[in-house]
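Please take a moment to look at the sequence and the model below, and keep both in view while reading. The paragraphs that follow go from the whole chain to single residues.

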Amino acid sequence: MKLLLRTFAAAFMFVGILAGCLAILLLVVLMVRFPPLLIVVVLACWILCRLQAVPRPSTALAKPHTESPQ
């Protein structure tokens, strides 16, 4: 039973990797055929890099909020 489950998991992973590679290959073919798609993909990657570079305030270093006595 364990061998069957392991074989099924390996086949499922193989099919997933194959589908991912096929999707990337089709995207490359489409980008070569339609240059505006290439521009859109490059622009999306540039925007993602810019958003990841924005420093965010850390919640771990923030001081706990205490109410002042009235």
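How many helices and how many strands are there in the protein chain? The model, which is a predicted one, has two helices and zero strands in its protein chain. The helix α1 covers residues 2-33, and the helix α2 covers residues 35-53.

A good place to begin is α1, which is built from 32 residues and reaches 47 Å from its first C-alpha to its last. That reach is close to the 46 Å expected at 1.5 Å a residue. The helix is also hardly covered, for the count of buried residues among its 32 residues is one. The chain as a whole can be described in a similar way: of its 70 residues, 1% count as buried, and the protein chain exposes about 7,200 Å², of which carbon and sulfur atoms supply 77%.

Within α1 there is a pair of rings to look for, as the structure holds one aromatic pair. The rings of F8 and F12 have their centres 6.4 Å apart and their planes at 25°, and because planes under 30 degrees apart count as stacked, this pair is stacked. Both residues lie in helix α1, four residues apart, which is about one turn of the helix. Are these two residues, F8 and F12, buried or exposed? F8 is exposed, and F12 is exposed as well.

Further along the sequence, L22, L25, L26 and V29 form a nonpolar patch on the surface, and together they have about 370 Å² of accessible area. One of them, L22, lies in helix α1, and with a relative accessible area of 48% it is partly exposed, because that value falls between the 20% below which a residue is buried and the 50% above which it is exposed.

The other helix, α2, holds L38, a residue that counts as partly exposed at 41% relative accessibility. L38 and V28 are ten residues apart in sequence, while from C-alpha to C-alpha they are 8.6 Å apart in space.

The cysteines remain to be considered. C21 counts as partly exposed, at 48% relative accessibility. C49 is in no disulfide, and the nearest cysteine sulfur, which belongs to C45, is 6.8 Å away. A disulfide requires two cysteine sulfur atoms within 2.5 Å, and by this rule the count for the structure comes to zero disulfides.

Conventions. Residues are numbered from 1 along each chain as its sequence is written. This is a predicted model: local features need pLDDT of at least 70, side-chain atom pairs count only at pLDDT 80 or more; totals for chains, interfaces and linings use all residues. Side-chain values use heavy atoms; hydrogens and water are left out. Rings of Phe, Tyr and Trp (its six-membered ring) pair if their centres lie within 6.5 Å; planes under 30 degrees apart count as stacked, over 60 as edge-to-face and the rest as tilted. Buried means under 20% relative accessible area, exposed over 50%, partly exposed in between (1.4 Å probe, protein chains only). The expected span of a helix is 1.5 Å times one less than its number of residues. Patches are made of residues with over 30% relative accessible area and no salt bridge: like charges are joined within 9 Å, nonpolar side chains (Val, Leu, Ile, Met, Phe, Trp, Tyr) within 5 Å. Accessible areas come from the Shrake-Rupley method with a 1.4 Å probe; for residues, only the protein chains shown count as cover. A salt bridge is a side-chain nitrogen of Lys or Arg within 4 Å of a carboxyl oxygen of Asp or Glu.
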